[in-house]
Amino acid sequence: MDEKENIKERNEICSRTLKTGSRTYFFDARETRAGDYYLTITESKKNFSETGEITYKKHKIYLYKEDFSKFQSILDDMIRFIINEKGREVISERHQKDFKNHTTYNQNQEIKDAQKKTSEIKDFTNINFEDI
């Protein structure tokens with residue numbers, strides 16, 4: 001085993017993954033050179049280029065033990081705030097896999113309704129009242 005593999009094995013202590021739609025979150029406990037642990041949180045988002053090539057955009061946060069309690073306290077506060085204000089249910093339908101743009105749907109429905117009414121009016125105007 002070469003030195004790079006040895007450092008990599010020592011550096012990665014514990015990992016967890018959370019997949020959510022087009023995003024994946026990686027939570028990795030890592031080890032410093034001094035033997036202490038820290039946390040990295042990586043957000044990886046799948047993107048498609050104009051040529052159809054898949055790329056991943058990554059953002060990483062390094063969180064060290066001296067900041068854990070403050071970070072956790074603020075994170076807990078923010079989560080509580082959001083849940084208290086908006087509840088646990090996701091409000092936006094855009095996050096659903098079967099989301100359809102309701103604006104476009106409503107516009108299309110209005111067009112169909114107008115066409116139907118126009119057709120009904122044409123049918124009515126074509127009535128020969130002498131036959132009645």
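Two aromatic rings of Phe, Tyr or Trp, the six-membered ring being used for Trp, form a pair if their centres lie within 6.5 Å, and by that criterion the structure holds 2 aromatic pairs. Keep this in mind for the last stop of the tour, and note that the model on your screen is predicted.

**The whole chain**

Begin with the protein chain in a cartoon view, where you can pick out 3 helices and 4 strands; followed from the N terminus, these elements come in the order α-β-β-β-β-α-α. If you then switch to a surface, the accessible area amounts to about 12300 Å², with 51% of it belonging to carbon and sulfur atoms. Of the 132 residues in the protein chain, 9% count as buried. Among the contacts in the protein chain with a separation of 6 or more, 12% are between residues 24 or more positions apart.

**The sheet**

Next, select the strands together: they make an open sheet of 4 strands in the order 1-2-3-4, with antiparallel pairing. At its edges lie strand 1 (12–20) and strand 4, each of which pairs on one side only. On average, and with direction ignored, neighbouring strands of this sheet are turned by 20° against each other. As background for the views that follow, strands of a sheet pair through backbone hydrogen bonds, either parallel or antiparallel.

**Strands 2 and 3**

Now restrict the selection to residues 23–31 and residues 37–48, which are strand 2 and strand 3, paired in the antiparallel sense over 9 bridges. Along this pairing, F27 has I41 of strand 3 as its bridge partner, while Y25 stands opposite E43 in strand 3. The hairpin that these two strands form has 5 residues between them, and if you select G35 there you will find a positive phi near 95°.

**Strands 3 and 4**

Keep strand 3 and add residues 54–64, that is strand 4, which runs antiparallel to strand 3 and is joined to it by 11 bridges. E43, already met opposite Y25, has H59 as its bridge partner in strand 4, and K46 stands opposite Y56 of strand 4. Here too the strands form a hairpin with 5 residues between them, and in its turn G52 has a positive phi of about 90°.

**A buried serine**

Which residue should be selected next, at 6% relative accessibility? Choose S44, whose place is in strand 3; S44 counts as buried because its relative accessibility of 6% falls below the 20% limit. Once neighbours within four places in sequence are left aside, S44 is in contact with S22, R23, T24 and F26, and also with Y56, K57 and K58.

**The tyrosine cluster**

Finally, return to the aromatic rings and show the side chains of Y38, Y62 and Y64, which ring pairs link into a cluster.

Note on methods: Residues numbered from 1 in each chain as written. Predicted model: local features only at pLDDT ≥ 70, side-chain atom pairs only at ≥ 80, totals over all residues. Heavy atoms only, no water. Buried < 20%, exposed > 50% of the residue type's maximum accessible area, 1.4 Å probe, protein only. Contact = heavy atoms within 4.5 Å. Areas by Shrake-Rupley, 256 points an atom, 1.4 Å probe, with all protein chains shown as cover. Pairing = 2+ DSSP bridges. Axes fitted to C-alpha atoms, helices over the stretch in contact; angles between N-to-C directions. Phe/Tyr/Trp six-rings, centres within 6.5 Å; stacked < 30°, edge-to-face > 60°.
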